[in-house]
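This report describes pairings, contacts and burial in one protein chain. Please keep the sequence and the coordinates at hand while reading.

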Amino acid sequence: MKVAMGQFAVAREWQQNAHTCIELMQQAQQADAALLVLPEAVLATDIQDPGLAVREAQPLDGPFLTQLLAASRESTLTTILTLYVPDGSQRAINAQVALRGGEIVARYDKLHLYDAFAMQESQHVTAGLAVPPLLKVGEMKVGMMTCYDIRFPELARRLALDGADVLVLPSAWVRGPLKEMHWDVLVTARALENTCYVIAVGECGPRNIGSSLIVDPLGVAIARAAESPALVFAELDAQRVKSARERLPVLANRRFSRPELNA
């Protein structure tokens, strides 16, 4: 299965970001990709105005997503991204959505909010309440995670036990001491310990590292982007997952129960 990572720097104006997303969707479609993963919070951002992303939140039937859905209508490409949507109380939800054929085919509300490294996402964002269902793309099952979720192995393990062959991780990984090392180690660990592919796509720009990568079920990085905007392709192989799980049956050998979400 051919997949794509669309890495870019999110602008302040949602119209510009919609245009960028649609361009990446068109390029991925022309290359016959089955799946395109975009960064986290692609609707709007401004590092000089941290509250902008929440203030600019749009409902799922708002103009931003309406344009992307229209662009997906005649395509079998599945596009995954996150955006802030209003929750009805002057706060927002960090919602990950999968678009295909003009419809939203899956949604996941971010469980783990980024209250770390002097940032506090929970100040204006409401956490999700449910483990996401798996999404079928081609012959593979996809589990949805968002950015800070990568630091919590329980969600990745739960999705793998539910049957995920691939985990996707739209992100906006903030620069800082050792942060790029954290990114590489955590993405690789989640892939290797669950014998699945991980597609981790980071926003680039002045605040975030970019560095999108795809790691295979035995911990091998098979595709990478640097610090600049890029569209990177890779081939995923369902047989590679099957073979890895036969050779390294960590899911079958585990002695702990399937993780459950706290109420």
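## A hairpin of two strands

In this predicted model, strand β4, which covers residues 92-100, runs antiparallel to strand β5, residues 103-109, and the two are paired through six bridges. Within that pairing, Ala95 has Asp109 of β5 as its bridge partner. The two strands make up a hairpin in which two residues lie between β4 and β5, and Gly101, in the turn, has a positive phi of about 60°.

Asp109 also takes part in a salt bridge, its partner being Arg107, with the closest N and O atoms 2.8 Å apart. Arg107 has a relative accessibility of 35% and therefore counts as partly exposed.

## Aromatic pairs

Three aromatic pairs are found in the structure. One of them joins Tyr114 and Tyr148, whose ring centres are 5.3 Å apart; because their planes stand at 75°, the pair is classed as edge-to-face. Tyr114 belongs to the loop between β5 and β6 (125-126), whereas Tyr148 belongs to the loop between β8 (140-144) and α4 (153-162), so the pair ties together parts of the chain that are 34 residues apart in sequence. Both rings belong to buried residues, Tyr114 having a relative accessible area of 14% and Tyr148 a relative accessibility of 13%.

A further pair is formed by Trp173 and Trp183, which is tilted, with 5.1 Å from centre to centre and 50° between the planes. Trp173 lies in the loop between β9 (166-171) and α5 (179-194), while Trp183 lies in helix α5, so that the pair links distant parts of the chain, 10 residues apart. Trp173 is buried, at a relative accessible area of 4%, and Trp183 is buried as well, at 1%. Ring pairs also bring Tyr114, Tyr148 and Phe152 together as a cluster.

## Charges over rings

Which rings have the charged end of a lysine over them? The ring of Phe233 has the charged end of Lys2 over it, 4.9 Å from the ring centre. For the ring of Phe117, the charged end in that position belongs to Lys179, and the distance to the ring centre is 4.8 Å.

## Nonpolar cores

The largest nonpolar core comprises 47 residues, of which Val168, Ile199, Ile214 and Leu236 touch the most other members. Strand β10, residues 197-202, gives the most to this core, contributing five residues. When neighbours within four places in sequence are left aside, the contacts of Val168 are Leu35, Val37, Ile80, Gln96, Val142, Gly143, Met144, Met145 and Ile199. A second core, separate from the largest one, has 29 residues, among them Ile22, Ala44, Ile93 and Val97.

Val97 appears again among the contacts of Thr79, which, with neighbours within four places in sequence left aside, are Met25, Leu36, Leu38, Val97, Ala98 and Leu99. Thr79 itself is placed in strand β3, residues 78-86. Is Thr79 buried or exposed? Its relative accessible area is 0%, and because the limit for a buried residue is under 20%, Thr79 is buried.

## Salt bridges

The structure contains 14 salt bridges. In one of these, the side chains of Asp46 and Arg12 meet at 2.5 Å, N to O. This pair links distant parts of the chain, 34 residues apart, since Asp46 lies in the loop between β2 (35-37) and α2 (52-55), and Arg12 in the loop between β1 (2-7) and α1 (14-30). Arg12 is partly exposed, with a relative accessible area of 37%.

Another salt bridge joins Glu121 to Lys110, with the closest N and O atoms 2.9 Å apart. Glu121 and Lys110 both lie in the loop between β5 and β6, so the pair ties together parts that are 11 residues apart in sequence. Both Glu121 and Lys110 are buried. Elsewhere, salt bridges with shared partners connect Arg12, Asp46, Asp49 and Arg55 as one network.

Conventions: Residues numbered from 1 in each chain as written. Predicted model: local features only at pLDDT ≥ 70, side-chain atom pairs only at ≥ 80, totals over all residues. Heavy atoms only, no water. Pairing = 2+ DSSP bridges. Helix = DSSP H or I, 4+ residues; strand = E, 2+ residues; numbered from the N terminus. Phe/Tyr/Trp six-rings, centres within 6.5 Å; stacked < 30°, edge-to-face > 60°. Buried < 20%, exposed > 50% of the residue type's maximum accessible area, 1.4 Å probe, protein only. Lys NZ or Arg CZ within 6 Å of the ring centre and 35° of its normal. Core = buried A, V, L, I, M, F, W, Y, C linked by side-chain atoms within 4.5 Å. Contact = heavy atoms within 4.5 Å. Salt bridge = Lys/Arg side-chain N within 4 Å of Asp/Glu carboxyl O.
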